Amino acid sequence: MIRRITALAALGTLALAAPALAAPKANTITAIGGMNVKSNAYVQDDQRWDADKYTVKSGATVTLRDKSTEKQPHTLSLIKKLPKTPAQIMGCEACGPLMEAHEANPETMEVGKELVEAGADGFDAAGDSIFLAPKGKVTFKVTAKKGTTLAFVCVIHPWMLGEIKVS
């Protein structure tokens, strides 16, 4: 009897966990997660993208949405390459200049420029960036050539990293 209950509990746990294991919706990148604070002990911020890697066709429109619990803004900002070490991640060299390009107010996090395009129209080069308001939804067009891999970061939460493989 105990084995049967344990097996049922394990199956129930897997069933509850299944939605978290589901692949992201095609052409959609979603900010998820939140914070946990224990007074005089720690702050855990697990805001993140719903995947590490995405595949998008060249010319496709991508929807960027915020479903995180913290009501904080995000950006999806293309960078030359993903940082590897904790020091590189938290010392994000591209983050300051990209926030300046968005004309962001550091106190209110309001931006004067929601879309930053480093070169031609569309997302195809380091320096391209789009601002995502809390609980918001925006779209952008991926114009990079097939075979390109685009590395990106949220300049507000530099541990939120990912890649878009252009097919």
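Me: I'd like to start with charges. How many salt bridges does the structure hold?

Reply: A salt bridge here needs a side-chain nitrogen of Lys or Arg within 4 Å of a carboxyl oxygen of Asp or Glu. In this predicted model, the structure holds two of them. One joins the side chains of Arg48 and Asp46, at 3.1 Å from N to O. The other joins Glu163 and Lys53, at 3.7 Å from N to O. Glu163 sits in strand β12 and Lys53 in strand β5, so this pair ties together parts that are 110 residues apart in sequence.

Me: Are those side chains buried or exposed?

Reply: Lys53 counts as exposed, at 62% relative accessibility. Glu163 is partly exposed, at 22%. In the other pair, Arg48 is partly exposed with 37%, and Asp46 is partly exposed with 39%.

Me: What about Asp128, and which side chain of opposite charge is nearest to it?

Reply: That's Lys113, 9.8 Å away; Asp128 is buried yet has no salt bridge. Asp128 is found in the loop between β8 (115–116) and β9. Setting aside neighbours within four places in sequence, Asp128 has contacts that include Leu76, Ser77 and Leu78, along with Val116 and Phe123.

Me: Leu76, Ser77 and Leu78 bring me to β7. How do I read the two faces of a strand?

Reply: In a regular strand, side chains alternate between the two faces of the sheet. For β7, His74, Leu76 and Leu78 are on one side, while Thr75, Ser77 and Ile79 are on the other, and all of these are buried. With six of its six residues buried, β7 (residues 74–79) is largely enclosed by the rest of the structure.

Me: Which strands does β7 pair with?

Reply: β7 and β9 run antiparallel and are joined by four bridges. Ser77, for instance, stands opposite Ser129 in β9. β7 also pairs with β11 (residues 149–153) in the antiparallel sense, over three bridges. There, Ile79 has Ala151 as its bridge partner.

Me: And where do I find the edges of an open sheet?

Reply: Look for strands with a single partner. One open sheet has four strands in the order β4-β1-β6-β10, with mixed pairing. β4 (48–49) and β10 stand at its edges, each with a single partner strand, so one side of each is left without a neighbour in the sheet. β4 pairs with β1 (residues 28–32) in the antiparallel sense over two bridges. Arg48, which we met in a salt bridge with Asp46, is the bridge partner of Ile32.

Me: What about the nonpolar side chains?

Reply: In soluble globular proteins, nonpolar side chains tend to be buried together. Here the largest nonpolar core has 24 residues, and those touching the most other members are Ile29, Trp49, Leu64, Leu76, Phe140, Phe152 and Ile164. Elements giving two or more residues to this core include β1, β7, β10 and β12 (161–166). A second, separate core of eleven residues includes Ile89, Cys92, Cys95 and Val155.

Me: Which residues is Ile164 in contact with?

Reply: Leaving out neighbours within four places in sequence, the contacts of Ile164 include Ile29, Tyr54, Val56, Phe140 and Phe152.

Me: One last residue: where does Lys135 lie?

Reply: Lys135 is in the loop between β9 (129–132) and β10 (137–141). Lys135 is partly exposed, at 45% relative accessibility. Lys71 is 64 residues away from Lys135 in sequence, but their C-alpha atoms are 6.4 Å apart in space. Beyond neighbours within four places in sequence, Lys135 is in contact with Asp66, Lys67, Ser68, Thr69 and Lys71.

Definitions and conventions:
Residues are numbered from 1 along each chain as its sequence is written. This is a predicted model: local features need pLDDT of at least 70, side-chain atom pairs count only at pLDDT 80 or more; totals for chains, interfaces and linings use all residues. Side-chain values use heavy atoms; hydrogens and water are left out. Buried means under 20% relative accessible area, exposed over 50%, partly exposed in between (1.4 Å probe, protein chains only). Contact means heavy atoms within 4.5 Å. Lys and Arg count as positive and Asp and Glu as negative; His and the chain ends are not counted. Two strands pair if DSSP finds at least two bridges between them. A nonpolar core is a set of buried Ala, Val, Leu, Ile, Met, Phe, Trp, Tyr and Cys residues joined through side-chain atoms within 4.5 Å.
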